[in-house]
Amino acid sequence: MGEAQKDDLFNSLPPKLKTLLWSEGRQLLLSSDVVSLSLARNKTSSPKFYLFSDALVLVQGYAISATHPVELLWVEPQLPSGSISASVAQFHLVTPEETIEVQCKDLESKLQWLFALIETCGKALKLRLFVDESFSYLSFESQMELLSVREGLQYTFKRGSAEFKDSNYRGQWKNGKPHGEGEYVLPTAHVLYKGKLKEGKFSGHGEMVWFSEKDSRKKYTGEFKNGEMDGQGELKFTCGDIYTGNLVNNRRSGFGRLEEVTKHGSRYCGAWENDARHGYGVYEDRLRLVTTSVCVLCVCVLMCVCVCVHLCLCMCLCVCMCVRMVIGVVSCGHPQPNTSLVHSGLSVTSGCGRREYAVVPESSSTPPAPTARACLWAGACQYV
């Protein structure tokens with residue numbers, strides 16, 4: 001479709017609708033007024049579809065019911081097996097938040113819409129193949145495969161559960177859904193997620209951080225499945241406790257280990273079920289262990305003090321004995337004279353104070369020679 005035809009298509013709209021849909025730089029590429037397209041399950045009040053260069057707009061009357069950016073739009077030409085619908089003129093429009101089942105009046109109209117959507121999406125993504133208009137040489141399957149994976153796109157979710165409302169996602173996409181590596185910011189739940197995703201849900205290895213002060217959890221690093229913590233991981237709590245082990249459906253289940261910082265590092269290692277200790281396990285009370293260790297240490301210190309005091313006393317006693325011996329030796333080396341007579345005889349006095357007597361017989365007129373006996377403590381004797 002040429003530029004003039006695109007302008008004529010937009011100018012053919014009612015004035016009120018042109019005012020509603022106009023945007024600078026926007027071009028109208030295809031509309032359900034020209035090529036039939038409607039909701040498959042709501043034929044009575046189906047909105048009109050307007051494909052612009054930047055978005056697919058659904059209009060109900062003179063009000064916009066939905067706007068889908070074309071860079072995040074995906075189409076499924078074939079309905080999944082087992083679908084209620086069996087018409088070959090039906091296909092799916094896949095958006096980040098919903099899947100819309102639409103139908104055309106015939107197969108030719110379906111092909112026109114499919115090729116228009118694929119071309120517009122490729123140009124919005126600024127893929128070189130589509131910008132150079134060489135995409136027509138590729139098969140339809142090759143074009144779809146080329147557009148299936150997209151990188152670094154950002155989207156803010158407006159619908160869904162209360163937890164995911166107004167959440168912001170940036171990362172990889174596949175077939176219109178968050179898939180691969182990405183980052184989720186959930187302002188309502190005060191949660192940040194970084195890691196693997198599969199079809200819009202947390203799946204694989206990832207990291208989740210909670211910023212709410214009301215939440216007892218702080219950070220989880222490990223495996224996810226279907227949007228929940230499921231598998232091996234490490235869960236940290238705001239109080240400082242750390243759980244390492246298995247989780248099922250966001251709850252501790254299976255074998256795990258809990259380090260309780262709030263109880264002075266006490267540890268439980270064993271079975272869990274439904275977020276509680278259940279089954280065989282070993283609990284190590286660090287507080288009791290520390291108290292016992294302190295008591296044992298105090299007893300050891302007291303015993304050491306007693307031994308030291310006993311050794312000091314023994315040393316003092318030894319020193320006193322040595323001093324006494326030294327004083328005795330010094331006294332024997334400097335004897336004091338003693339000239340006293342005892343029992344009319346001669347006495348010999350040693351320096352240590354011991355005396356030996358020589359008795360003078362009454363019949364003898366000559367006194368005997370004095371006897372000298374060595375002092376038991378050694379040293380010279382003085383004759384008296």
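Over the ring of which residue does the charged end of Arg277 sit, and how far is it from the ring centre? In this predicted model, the charged end of Arg277 is placed over the ring of Tyr268, at 5.0 Å from the centre of that ring. A further arrangement of this kind involves Arg26, whose charged end sits over the ring of Phe52, 4.6 Å from its centre.

Contacts between aromatic rings were also examined, and a search of the whole structure finds 11 aromatic pairs. One of these is formed by Tyr155 and Phe157, the centres of whose rings lie 5.0 Å apart with an angle of 90° between the planes, an edge-to-face geometry. Tyr155 has a relative accessibility of 17% and therefore counts as buried, the cut-off for that class being under 20%. Phe157, with a relative accessible area of 8%, is likewise buried.

The pair of Tyr169 and Trp173 is edge-to-face as well, because the ring planes meet at 75° and an angle over 60 degrees is assigned to that class; the ring centres in this pair are 5.4 Å apart. Tyr169 counts as buried, at 0% relative accessibility, and Trp173 is buried with a relative accessible area of 2%.

The residues of both pairs belong to one aromatic cluster, which is formed by Tyr155, Phe157, Tyr169, Trp173, Tyr184, Tyr193, Phe202, Tyr220 and Phe224.

Definitions and conventions: Residues are numbered from 1 along each chain as its sequence is written. This is a predicted model: local features need pLDDT of at least 70, side-chain atom pairs count only at pLDDT 80 or more; totals for chains, interfaces and linings use all residues. Side-chain values use heavy atoms; hydrogens and water are left out. Rings of Phe, Tyr and Trp (its six-membered ring) pair if their centres lie within 6.5 Å; planes under 30 degrees apart count as stacked, over 60 as edge-to-face and the rest as tilted. Buried means under 20% relative accessible area, exposed over 50%, partly exposed in between (1.4 Å probe, protein chains only). A charge sits over a ring if NZ of Lys or CZ of Arg is within 6 Å of the ring centre and within 35 degrees of the ring normal.
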